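Let's take a walk through a protein model together, starting with the whole thing and then zooming in on a few spots. Keep the picture open as you read.

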Amino acid sequence: MSEPLFRDPGMPVADRVRDLLSRMTLTEKVGQVNQRMYGWDAYERTGSDHRLTDAFRKEVAAGDGMGALYGLQRADPWSGVTAETGIGAADGARVSDAVQRHVVENTRLGIPVLLVEEMPHGLQALDGTVLPVNLSVGATWNPGLYEEAVALAAAQLRARGGHVALVSALDLVRDPRWGRAEECFGEDPHLAARFTEALVRGVQGPAGEAIAPDRAAVVLKHFAGQGATVGGRNSAATELGERELREIHLVAALAGVRAGAAGLMAAYNEFDGVPCVANRRLLTGILREEWGFDGLVMADGLAIDRLVRMAGDPVAAGALALRAGTDLSLWDDCYPRLAEAVGRGLVEETALDTAVGRVLALKFRLGLFERPYTGTRELDPGRLERLERLSERVARESVTLLEHDGTTLPLTVGRGGTVAVIGPNADSVPHQIGDYTAPQRPGTGAGVLAGVRAAAPAGTGVVYARGCGLVGRDLSGVPEAVAVAASADAVVLVLGGSSARESGTRFDANGAAVVAAGNPVEMTCGEGVDLAELGLPEGQSALLDAVTATGTPVVVVLVQGRPHALPDLTGRAAAVLSAWYPGPWGGRALADVLFGAAEPQGRLPVSVPRSAAHLPVFYNGKDHGYRGYVDQPATARHPFGHGLSYTTVVYDAPRLSRAVAGADSFGPDGGDAPLRCVVRVSNTGGRPVRETVQLYVRRVSGGTTWPRVRELRDFARVELAAGESTEVAFTVDARTLASFTQEGRWAVEPGEFAIGTGRSSAHTGETRLTVTAAPGPR
């Protein structure tokens, strides 16, 4: 390193960026916007040690530096990294520092590299602590709990030398056939926005220029509309209008930007005919000019290469993405050729300077110029244990009771009684941890069978039969399962899916799984695993029919990454619970709920369809007055927000502090007294409850387009002892009532609104509010 860096930490980041940019060559600038290499190709295992590869050294030399290195510590079947060849917790910081030291000491300016890791639900690395998937997190309706968990996950990432966490947050489950449904917080923009805010606060810490050494920069995925692809097919096009984009798919992104997210990842899908990674209106017009975002925009894996067909060649494709506002590449062959694009006049060097400046600014914010190395900074064992407890707590709070006969749960099998645990998901930790997870060390976590055995009262027998495979139609194990069920006092039947990546799985170039019909791999969900049908596989359906026919009380447990469409189980199953993918310790969490050590607290973050032919089924669609289908109800099997408890909760009618308000009172100069909606909630049963009180808004008249049926606008979680009542108050403000108008702005328009409170989107009591065009009271 022949030239000293400007290191004065007292100067504003913008000044430090300008100083460094002024000394960079075109080659160095291009190097800073590239994240071309897979991190696992940067090292190789040599006995008990690791060495940097020649390929890594060559990549650093090519750009006289490196903007970012993706997935240094990633381990899974796609990367091919195993427990034997990868980087464990004991070696993470040391290998990261070796990478950083080579970059700093072998380039002219010594600019540190960003080490980027996947953290979709915990750090995706060997010995990384796995959290329940986002769909499970969404079912908790508890953003504060999630914030606490991801703060520790970020600390784990930083302790191992990582700097940037890639986290799915912005996609919505608008079609549950999509294999990446598990990565979403749910189908609703308000719910997703609250969790996205919590994610940013937890990972990055308090808002400000600097990001602390035990926090990480977060890049939110995916911007925007990826959950609305046609047919629920991964990376397909979307057919979104402006209002649908604004009111549904940009809400969480705006919340994340306002919370201070360091970066966003452009989605694969196109919007209005232009792929997001090349969509200047989206990445510059909306994101930067309207919202004032000054952070980093990263491409998704190989997304820029997909522009070649549109642009004509790799050089033009890179220029197209850079002009649109994409700052940092991911694995593509286009951004390494940006110097050619500048030379050909396809893009101005000033556009490159802008992108480089954003990359450098993040490195300054992370303190990498002052502290490029992690050293021996380790996650305190106490914090690691706390993170594992939080993972289990999230799992416990996400368990959602969908149906119940009112008597079977909690299980009360006495001494000498027997509980049968049956099903392909009953004894498999890999099936309950979701996609984007590293191989787990032997003994990590507990499946449902282990959880039931540990939680069952003394003297209770626990027997097991798998019954069938997760996929396929082999019914040879069904007779044994029926015999076990018939001789038991209660059955816990564990069905559902799996996103576990197995060694035999094939993958696309960007890591998406390729699972063909008839493939023996037991992967029914995850990136690339989109389904046309949402029912259970044939073997599981036959097992369900056979076990429920025994007459023994059956509790169906669904371990799943998307809502499955089940038949009506009224009179057949005593109870139905959804555990989503609850993480390694989900078996213990579920057993606590089954035996009553914990109350079921989860609420559905998605609507559960009756069949795939029933789609779309999201609750907040447009109301055009249609009657639905002739052959089945148009309503969901279970509505968004639904979740039963072991007690009974009664809601009084909601009350507004006033029934008429002027539209101007919801502006920045509104009246002194905020409008409030109050509802009394009573626990009329014999057990305590943590109730999630939900506030919905429905436009009755007025406005400029067809209104949505109803929209979630707020929620509150309250704890009630048996027989206890409380009043829950919500503020009704502009955020509650505003919609995106035909004039292209957010506003509260005059008209009549129904303000509803209740336990789900389908069970609310309502009161009416009239918003007038005339000035409101002052």
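We'll go from the overall build to a pocket, then to some backbone details, and finish with the cysteines.

Before anything else, keep in mind that you're looking at a predicted model. So what is it built from? The protein has 20 helices and 29 strands. Its radius of gyration comes out at 27 Å, close to the 28 Å that the globule rule gives for 778 residues, so the protein is as compact as a globular protein of that length. If you'd like to picture a box around it, the C-alpha atoms fill one of roughly 80 × 75 × 45 Å along the principal axes.

Now peek inside. Of the 778 residues, 62% are buried, where "buried" stands for a relative accessible area under 20%. The contacts tell you about the chain's path, too. Take the contacts with a separation of 6 or more: 78% of them are between residues 24 or more positions apart.

Next stop: the second largest pocket, which holds about 660 Å³ of space. It is lined by 23 residues, and the closest to its centre are V251, L254, R258, R735 and W746. Which elements build this lining? At least two residues each come from α7 (189-204), α8 (242-249), α9 (251-259), β24 (711-720), α20 (734-737) and β27 (746-747). Helix α7 gives the largest share, with five residues. As for the chemistry of the lining, you'll find 13 nonpolar residues, nine charged ones and one polar one.

Let's turn to the backbone, where a few spots deserve a slower look. Start with K221 and H222: the peptide bond from K221 to H222 is cis, with omega near -5°. H222 is part of strand β6, which covers residues 217-223. Move along to F223 and A224, and you meet a cis peptide bond there too, with omega at about 5°. A224 sits in the loop between β6 and α8, and α8 is one of the helices that supply residues to the pocket lining you just visited.

There's another backbone feature to hunt for: a positive phi in a residue other than glycine. D272 has one, with phi near 55°. You'll find D272 in the loop between β8 (270-271) and β9 (274-275). Y436 is a further case, with phi near 55°, and its home is the loop between β12 (418-422) and α16 (448-455).

Are these two residues buried or exposed? D272 has 64% relative accessibility, and because the cut-off for exposed is over 50%, D272 counts as exposed. Y436 has 8% relative accessibility, and since buried means under 20%, Y436 counts as buried.

Last, the cysteines. How many disulfides does a search of the whole structure find? The count is zero. Take C525 as an example: the nearest cysteine sulfur belongs to C184 and is 9.9 Å away. A disulfide needs the two sulfur atoms to be within 2.5 Å, so C525 is in no disulfide. C525 is also buried, with a relative accessible area of 1%. Another cysteine to look up is C677, which is buried with a relative accessible area of 0%.

Methods: Residues numbered from 1 in each chain as written. Predicted model: local features only at pLDDT ≥ 70, side-chain atom pairs only at ≥ 80, totals over all residues. Heavy atoms only, no water. 1 Å grid on protein atoms, 1.4 Å probe; cavity = no way out; pocket = protein on both sides within 12 Å on 5 of 7 lines; lining within 4 Å. Points joined across faces, edges and corners; volume = space filled by probe spheres on them. Helix = DSSP H or I, 4+ residues; strand = E, 2+ residues; numbered from the N terminus. Nonpolar A, V, L, I, M, F, W, Y, C, P; charged D, E, K, R; others polar. Buried < 20%, exposed > 50% of the residue type's maximum accessible area, 1.4 Å probe, protein only. Rg over C-alpha atoms; globule rule 2.2 N^0.38 Å. Contact = heavy atoms within 4.5 Å.
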